[in-house]
Amino acid sequence: MNTFVQVSTTVEKIEDAGRIAEVVVNRRLAACAQVVGPIRSTYRWKEKIEVAEEWLCLMKSRRALYPRLEEAIKSVHPYEEPEIIALPIVEGSEGYLRWIEKETEISGQ
């Protein structure tokens, strides 16, 4: 099982992406969060094809923290049904992965 994940979500406004990034890093649920964009998203929602400009927020974390990370994202995410997905980090530099682990240590865990 992979220990580390990259979690992503998209939002309409850069301010929302920044708020999500700040919340998850402050709570030590992600070691870092990067905001990328704007990006163009095409998707089907409520039986219609939508095209939107969005911002992508990428978060590096530990797989064990995913449920809490998802909950934190949802607590500030403006979408009715946000995209929140986690992909395993299958390889990474040893020092960087140690850094993720250190920055996501939560007392009493």
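How far apart along helix α3, in helical turns, are Arg98 and Glu94? I began with this pair in the predicted model, and found that the two are separated by about one helical turn, because they stand four residues apart in helix α3. Arg98 and Glu94 form a salt bridge, with the closest N and O atoms 2.7 Å apart. I also looked up the accessibility of Glu94, which at 61% counts as exposed.

**Entry: other salt bridges**

I ran the search over the whole structure and it returned seven salt bridges. One of them joins Glu103 to Arg28, where the closest N and O atoms are 3.9 Å apart. This pair ties together distant parts of the chain, since Glu103 belongs to helix α3 (residues 94–103) while Arg28 lies in the loop between α1 and β2 (32–45), 75 residues apart. I checked the exposure of both partners: Glu103 is partly exposed, with a relative accessible area of 23%, and Arg28 is likewise partly exposed, with a value of 34%. Through shared partners, salt bridges join Arg28, Lys102 and Glu103 into one network.

In helix α2 I looked at Lys74 and Glu70, whose side chains meet in a salt bridge at 2.9 Å, N to O. They are four residues apart in that helix, so about one helical turn separates them. Lys74 is partly exposed at 43% relative accessible area, and Glu70 is partly exposed at 23%.

**Entry: the chain as a whole**

I then stepped back to the overall layout, and counted three helices and four strands in the secondary structure of the chain. Along the sequence the pattern reads β-α-β-β-α-β-α. The radius of gyration is 14 Å, close to the 13 Å that the globule rule gives for 109 residues, so the chain is as compact as a globular protein of that length. I noted that the C-alpha atoms fill a box of roughly 45 × 25 × 20 Å along the principal axes. For the surface I recorded about 7000 Å² of accessible area, of which carbon and sulfur atoms hold 49%, and buried residues make up 36% of the 109 residues. Of the contacts between residues at least 6 apart in sequence, 73% join residues at least 24 apart.

**Entry: the nonpolar cores**

Which residues touch the most other members of the largest nonpolar core? In this core of 19 residues, I found them to be Val7, Ile20, Val24, Met59, Leu69 and Ile73. Two or more residues come from each of β1 (4–11), α1 (14–26), β3 (48–62) and α2 (66–76), and α1 gives the most, with five residues. Apart from this core lies another, of five residues, among them Phe4, Ala31, Ile89 and Leu97.

I followed Met59 further and listed its contacts, leaving out residues up to four places away in sequence. Met59 touches a run of residues that includes Val5, Gln6, Val7, Ser8 and Thr9. The contacts of Met59 also include Ile20, Val24, Leu69 and Ile73, as well as Ala30, Cys32 and Ala33.

**Entry: strand β1 and its partners**

Is β1 largely enclosed or largely open to the outside? Seven of its eight residues are buried, so β1 is largely enclosed by the rest of the structure. I traced its pairing on two sides of the record: β1 and β3 pair in the antiparallel sense over eight bridges, and β1 and strand β4 (residues 84–88) pair in the antiparallel sense over five bridges. Val7 has a partner in each of these strands, standing opposite Met59 in β3 and having Ala86 as its bridge partner in β4.

**Entry: Ile84**

My last look-up was Ile84, which is found in strand β4. Is Ile84 buried or exposed? Its relative accessible area is 13%, and since buried means under 20%, Ile84 counts as buried. Beyond its neighbours within four places in sequence, Ile84 is in contact with Val7, Ser8 and Thr9, and also with Tyr66, Glu70, Ile73 and Lys74. Glu70 and Lys74, which form a salt bridge with each other, are thus both among the contacts of Ile84. I closed with a distance, in which Ile84 and Glu101 are 17 residues apart in sequence and 21 Å apart in space, C-alpha to C-alpha.

Methods. Residues are numbered from 1 along each chain as its sequence is written. This is a predicted model: local features need pLDDT of at least 70, side-chain atom pairs count only at pLDDT 80 or more; totals for chains, interfaces and linings use all residues. Side-chain values use heavy atoms; hydrogens and water are left out. A nonpolar core is a set of buried Ala, Val, Leu, Ile, Met, Phe, Trp, Tyr and Cys residues joined through side-chain atoms within 4.5 Å. Buried means under 20% relative accessible area, exposed over 50%, partly exposed in between (1.4 Å probe, protein chains only). Contact means heavy atoms within 4.5 Å. Two strands pair if DSSP finds at least two bridges between them. The radius of gyration is taken over C-alpha atoms; the globule rule is 2.2 Å times the number of residues to the power 0.38. Accessible areas come from the Shrake-Rupley method with a 1.4 Å probe; for residues, only the protein chains shown count as cover. A salt bridge is a side-chain nitrogen of Lys or Arg within 4 Å of a carboxyl oxygen of Asp or Glu.
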